[in-house]
Amino acid sequence: MTETHTPGGAMAARPDLLDGRAAALAAEADHDPRYDSDGFLIEDSGADGDQFDRQERAALRRVAGLSTELQDVTEVEYRQLRLERVVLAGVWGDGTALDAENSLRELSALAETAGSTVLAGVLQRRQKPDPGTWMGSGKAQELRDIVIAEGADTVVADAELTPSQRRGLEDVVKVKVIDRTALILDIFAQHAKSKEGKAQVELAQLQYLLPRLRGWGESMSRQAGGQAAGGQGMGSRGPGETKIELDRRRINTRISKLKHELTGMKTMRDTKRHSRRANSVPSVAIAGYTNAGKSSILNRLTGAGVLVQNQLFATLDPTVRRAETADGRHYTLADTVGFVRELPHQLVEAFRSTLEEVADSDLLLHVVDGSHPDPESQISAVREVLADVGAHDVKEVIVVNKADVADPEVLDRLLRGEKHAIAVSARTGSGFAELLELIAAELPRPQIRIEVLLPYDRGDLLSSLHEEGEVLDTEHTAEGTHVHAKVTPTLQAELAAYVL
């Protein structure tokens with residue numbers, strides 16, 4: 001990596017700073033015959049099931065090198081799609097320079113997922129961000145020079161900026177400035193497909209936008225005083241409310257409506273979850289950092305056909321599939337939204353009903369990207385979010401994915417450092433036999449011992465015993481089937497009439 005040092009401890013990084021995670025993703029796609037150069041699955045190995053969303057997602061791909069400028073207006077005006085050209089900026093005060101660079105590389109991958117071309121990155125070392133422009137005034141001016149030299153039209157800050165910091169930085173660089181939170185919200189808005197997912201993302205966007213509304217000169221004003229007060233005189237007095245206040249009121253109304261709709265959707269989700277609980281079906285939740293391979297693992301275990309793409313936040317909508325252990329016990333597998341460092345709190349609140357699937361599960365498969373430069377930081381980031389939604393008490397198994405390309409020393413460190421951990425590869429299938437055995441061993445088992453004599457015309461109850469309970473001994477007698485088994489309280493109530 002090439003670095004140029006400037007006075008005051010600041011450090012500006014040229015585009016090769018961004019070669020880490022983003023380039024690794026591209027390199028992985030280049031070497032994997034199932035993916036094209038943009039990370040889209042083009043050849044199904046059979047483990048991922050039917051990729052129903054593949055053609056739809058590929059149809060929305062943006063093409064690099066095209067311009068929105070009018071090339072020839074003599075006959076027809078042609079407008080072509082152009083990738084947004086961005087420069088990344090980061091300010092770090094805690095941790096090491098490597099941590100700051102890894103964070104900027106992740107921001108680069110997020111920007112590319114949102115549909116932009118990353119041109120350069122700038123890092124500055126400060127004890128705390130500048131209250132006016134976030135970066136120091138000198139570094140902000142240097143950022144302006146880089147924007148002009150690269151021909152960029154957007155600056156992406158690797159932090160959540162206050163409204164005043166965003167305006168102050170825009171005044172210096174003279175182009176649009178967005179922060180990490182806005183970038184993640186934009187990706188979620190692109191990838192949400194279900195009605196609930198779209199409502200959750202819109203709610204998070206509105207909550208983020210509300211304190212950041214800004215006026216654009218006099219067009220936002222609907223009030224004027226008399227001539228004595230320096231106003232415009234008669235006929236200019238407005239209704240007494242500025243346009244920005246009207247916007248705030250409309251946003252608050254829309255937020256209330258979305259919360260009401262999500263409450264109804266939560267009731268439906270709770271009803272389905274209660275139905276599974278009533279039938280004593282254990283649940284397993286798959287959670288982890290974005291792009292760790294959660295959907296690939298779900299497809300490998302159940303053939304769910306969930307979209308698999310080498311991209312951050314490729315899938316947002318949760319998927320629940322039925323699975324079965326080797327001894328015939330049924331359970332559910334739920335894929336959840338991926339996490340990321342500094343996940344916007346608006347998203348955590350909006351997706352709380354979805355994340356409750358993790359809190360109410362019997363077993364958590366915490367998927368970790370074994371090929372990532374710093375997998376321990378990913379584990380910490382995920383556990384912070386899980387603690388926010390009350391899932392810290394769920395039995396956890398660390399599933400280190402991508403073991404086929406991970407550093408053996410990193411794998412060994414993770415497996416030794418975590419109490420319950422297993423290494424797998426969703427691409428090759430290695431480790432999945434052991435994973436299935438581990439899931440079967442960790443799932444809760446029926447604990448109530450029962451002895452029943454079932455008539456031969458009640459084969460349905462015998463079938464329920466095999467599916468929902470644990471049959472210890474079976475004997476066929478002249479009166480019926482004599483069964484010793486362990487059952488759940490619900491099944492015990494159904495069998496009460498035949499207990500010996």
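Here are some numbered notes on this structure, which is a predicted model.

1. Start with the overall picture. The protein chain has 500 residues, and 48% of them are buried. Its secondary structure comes to 16 helices and 15 strands. If you look at contacts with a separation of 6 or more, 66% of them are between residues 24 or more positions apart.

2. Next, the greasy part. The largest nonpolar core holds 57 residues, and F313 and F339 are the ones with the most contacts inside it. Helix α3, residues 97-114, is the element that gives the most to this core, with seven residues. Click on F339 and you can list what it touches: A287, G288, Y289 and T290 in one stretch of numbering, then L355, V382, V385 and L386. That list leaves out residues up to four places away from F339 in sequence.

3. While you are in α3, have a look at A109, which sits in that helix. Is A109 buried or exposed? Its relative accessibility is 4%, so A109 counts as buried, the cut-off being under 20%. A109 also has a distant partner in sequence: L312 is 203 residues away along the chain, yet the two C-alpha atoms are separated by 7.2 Å.

4. G121 is another one to click on. This glycine lies in strand β4, residues 116-125. With a relative accessible area of 0%, G121 is buried. Its C-alpha atom is 5.7 Å from that of A89, although 32 residues separate the two along the chain.

5. Now strand β5, residues 154-157. T154 and V156 point one way from this strand, V155 and A157 point the other way, and all of them are buried. That fits the usual pattern, in which side chains of a regular strand alternate between the two faces of the sheet. β5 has a parallel partner in β3, residues 84-92, with four bridges between the two. To find the register there, put L88 opposite V156. β5 also runs parallel to β6, residues 176-179, again through four bridges. In that pairing, A157 stands opposite D179.

6. How do you get from β5 to β6? The path goes by way of helix α5, residues 163-173, and the three elements make a right-handed β-α-β unit. In the loop between α5 and β6 you will find K174. The phi of K174 is near 65°, which is a positive value in a residue other than glycine. Most residues other than glycine have a negative phi. K174 counts as exposed, because its relative accessibility is 59%.

7. Compare that with N291, in the loop between β7 and α9, the helix at 294-302. N291 is also a residue other than glycine with a positive phi, here near 70°. Where K174 is exposed, N291 is buried, with a relative accessibility of 9%.

8. Strand β9, residues 330-335, deserves a careful look. Why call β9 largely enclosed by the rest of the structure? Six of its six residues are buried, so the description follows. H330, T332 and A334 point one way from the strand, and Y331, L333 and D335 point the other way.

9. β9 has partners of both senses. Strand β7, residues 283-288, runs parallel to β9 and is joined to it by four bridges. Strand β8, residues 319-324, runs antiparallel to β9, with six bridges. A334 is a handy marker for both pairings: A285 stands opposite A334, and V320 stands opposite A334 too. β8 and β9 form a hairpin with five residues between the strands, and in it G328 takes a positive phi near 95°.

10. Last, a pocket. The second largest pocket has about 480 Å³ of space. Its lining takes in 24 residues, and the closest to the centre are V91, W92, D94, S103 and E342. Which elements give two or more residues to this lining? They are β3, α3 and α12, the last of these covering 375-388. The largest share, four residues, comes from α12. Two of these elements have come up before: α3 as the element that gives the most to the largest nonpolar core, and β3 as a parallel partner of β5.

Note on methods:
Residues numbered from 1 in each chain as written. Predicted model: local features only at pLDDT ≥ 70, side-chain atom pairs only at ≥ 80, totals over all residues. Heavy atoms only, no water. Core = buried A, V, L, I, M, F, W, Y, C linked by side-chain atoms within 4.5 Å. Buried < 20%, exposed > 50% of the residue type's maximum accessible area, 1.4 Å probe, protein only. Contact = heavy atoms within 4.5 Å. Pairing = 2+ DSSP bridges. Right-handed = clockwise from strand over helix to strand, strands pointing away. 1 Å grid on protein atoms, 1.4 Å probe; cavity = no way out; pocket = protein on both sides within 12 Å on 5 of 7 lines; lining within 4 Å. Points joined across faces, edges and corners; volume = space filled by probe spheres on them.
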